[in-house]
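Visitor: I am new to this structure and would like to know what stands behind the terms used for it. Please show it to me, and then I will ask.

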Amino acid sequence: MPPIDIVVTWVDMNDPQWKKDFAQYSHQPGIEDNGINQVRFRDYGLFRFWFRGVETFAPWVRKIHFVTSGPVPEWLNTDNPKINVVKHSDYIPAEFLPTFNSTVIERYMHKIPGLSDNFIYFNDDFFILKPIGPDRFFQNGLPCDIAVFQYNPAWSQWYRKLKNNIRLINLHFKKKEVMKKWRHKWYTPLYGKKGFGNKLWKLYPRFITLRVHHNAQPYLKETFEKVWNACGAELKETSSFRFRDSKDYSPELFRTWQICEGNFEPYNTYGDTKMFPLMVKPLQALKAVRNQEYSLICLNDNKRIKNYEVLMQHLRDAFEFILPEKSSFEL
């Protein structure tokens, strides 16, 4: 098995320089005045358990590339040889900085110094809950993924970006040829009921959006290079968006490109992965953490969560129950 790294992104919304830059480029005095949901940036005290989960349950990870605008958590042991602190300025062109747009931070990941050819991308709200092997993410040197169509109406900015991705995909790939060449990867019983979408959209001549599991995503670094070679003009143009924009492209472009090239091994990611919207499923999330019901979970924050501080304390207690020991990433 070739070395596998993790890339994880983090933002400190309390950093004075970050707040100053945010106010300057948003033309608003504070984050709450920009029409931007601050839950995209707030740290609810669980990140140390992300590191504990990696060290305890995925010790095979070669290196963690911790991406930040500059600051690091005060408890983070940056002397740990398995961590590489990466500032945005280390890999994103200066003309696009500072940026508050996660899609810009993500699309240049292949430029991170020292990044392995095979890597997994995490947000800081994706957690590993129990032992997991490298073959969960890569098999035969290829990313494990689920190639299943799902029609997504463009009712939100995020879905509109998925539509933008697909427009580029249809310019560079022919659906009929791709699905014929990689038929065994599109029509596999491994997907279970999720695979019905492929049969449903089989006769439609063009690609539509794919189902998105919204959790840790394995990538080949070469995929990013290929997409940039083919779509560099579009990606560079939209890199000027310092904030999220409906005309932008999301990282799903790279994932979908990878799938269209057949550079993946079929895997039903929904079998051991779960996203919990904390606004509507707080008790289910707590139970899943404490009982380690999934290998990977996403704890999706929301500004409308009731009794937020109480819920966060319960989550911290649940993580402390399964990961009581400090990791070598903590001071």
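**Terms and the values behind them**

Guide: In this predicted model, the side chains of Asp117 and Lys221 meet in a salt bridge, with 3.9 Å from N to O.

Visitor: Why is the pair of Asp117 and Lys221 called a salt bridge?

Guide: The term asks for a side-chain nitrogen of Lys or Arg within 4 Å of a carboxyl oxygen of Asp or Glu. The N to O distance of Asp117 and Lys221 is 3.9 Å, so the pair meets the cut-off of 4 Å.

Visitor: What makes this pair a tie between parts of the chain?

Guide: Asp117 lies in the loop between α3 (102-107) and β4 (118-122), and Lys221 in helix α8, so the salt bridge ties together parts that are 104 residues apart in sequence.

Visitor: Are Asp117 and Lys221 buried or exposed, and how do you know?

Guide: Exposed means over 50% relative accessible area, and buried means under 20%. Asp117 is at 55%, so Asp117 counts as exposed. Lys221 has 15%, so Lys221 is buried.

Visitor: Which other salt bridge links distant parts of the chain?

Guide: The side chains of Arg52 and Glu320 meet at 3.4 Å, N to O. Arg52 is in helix α2 (residues 47-57) and Glu320 in helix α11 (residues 308-322), 268 residues apart. Arg52, with a relative accessible area of 5%, is buried. Glu320 has 36% and is therefore partly exposed, since that term covers values between 20% and 50%.

Visitor: How do you know that Lys226 and Glu222 are about one turn of the helix apart?

Guide: Both residues lie in helix α8, and four residues separate them in position, which is about one turn of the helix. Their side chains meet in a salt bridge of 3.5 Å, N to O. Lys226, at 31% relative accessible area, is partly exposed. Glu222, at 38%, also counts as partly exposed.

Visitor: What makes a network out of Arg48, Arg52, Glu320 and Glu330?

Guide: Salt bridges that share partners join these four residues into one network. The count of salt bridges in the model comes to 13.

Visitor: Now to the helices. Why are α8 and α9 called oblique to each other?

Guide: The axes of helix α8 (residues 221-238) and helix α9 (residues 252-260) cross at roughly 125° and come within 10 Å. Angles from 65 to 115 degrees count as roughly perpendicular, and those over 145 as roughly antiparallel. The angle of roughly 125° fits neither range, so α8 and α9 are oblique. Their crossing is right-handed.

Visitor: Which residues make the contact between α8 and α9?

Guide: On the α8 side they include Phe224, Lys226, Val227 and Trp228, and on the α9 side Leu253, Phe254, Trp257 and Gln258. By class, the contact has nine nonpolar, two polar and one charged residues.

Visitor: Why are α10 and α11 called roughly parallel?

Guide: These helices pack at an angle of about 15°, with their axes 8 Å apart. Angles under 35 degrees count as roughly parallel, so the term applies to α10 and α11. The crossing of α10 and α11 is right-handed. Among the residues in contact are Pro282 and Leu286 of α10, and Leu311 and His314 of α11. By class, the contact has nine nonpolar, one polar and two charged residues.

Visitor: What makes the bond between Leu97 and Pro98 notable?

Guide: Most residues other than glycine have a negative phi, and most peptide bonds are trans. The peptide bond joining Leu97 and Pro98 is cis, with omega about -5°. Pro98 is placed in the loop between β3 (83-87) and α3.

Visitor: Which residues have a positive phi although they are not glycine?

Guide: Asn140 is one of them, with a phi of about 55°. Asn140 lies in the loop between β6 (138-139) and β7 (142-145), and at 69% relative accessibility Asn140 counts as exposed. His214 also has a positive phi, about 50°. The place of His214 is in the loop between α7 (196-200) and β8 (217-220). With a relative accessible area of 28%, His214 is partly exposed.

Terms used
Residues are numbered from 1 along each chain as its sequence is written. This is a predicted model: local features need pLDDT of at least 70, side-chain atom pairs count only at pLDDT 80 or more; totals for chains, interfaces and linings use all residues. Side-chain values use heavy atoms; hydrogens and water are left out. Axes are lines fitted to C-alpha atoms, for helices over the stretch in contact, and angles run from 0 to 180 degrees between N-to-C directions. Helices (H or I, at least four residues) and strands (E, at least two) are DSSP runs, numbered from the N terminus. A crossing is left-handed if the near helix is turned anticlockwise from the far one by less than a right angle, and right-handed if clockwise. Contact means heavy atoms within 4.5 Å. Ala, Val, Leu, Ile, Met, Phe, Trp, Tyr, Cys and Pro count as nonpolar, Asp, Glu, Lys and Arg as charged, and the others, Gly among them, as polar. Buried means under 20% relative accessible area, exposed over 50%, partly exposed in between (1.4 Å probe, protein chains only).
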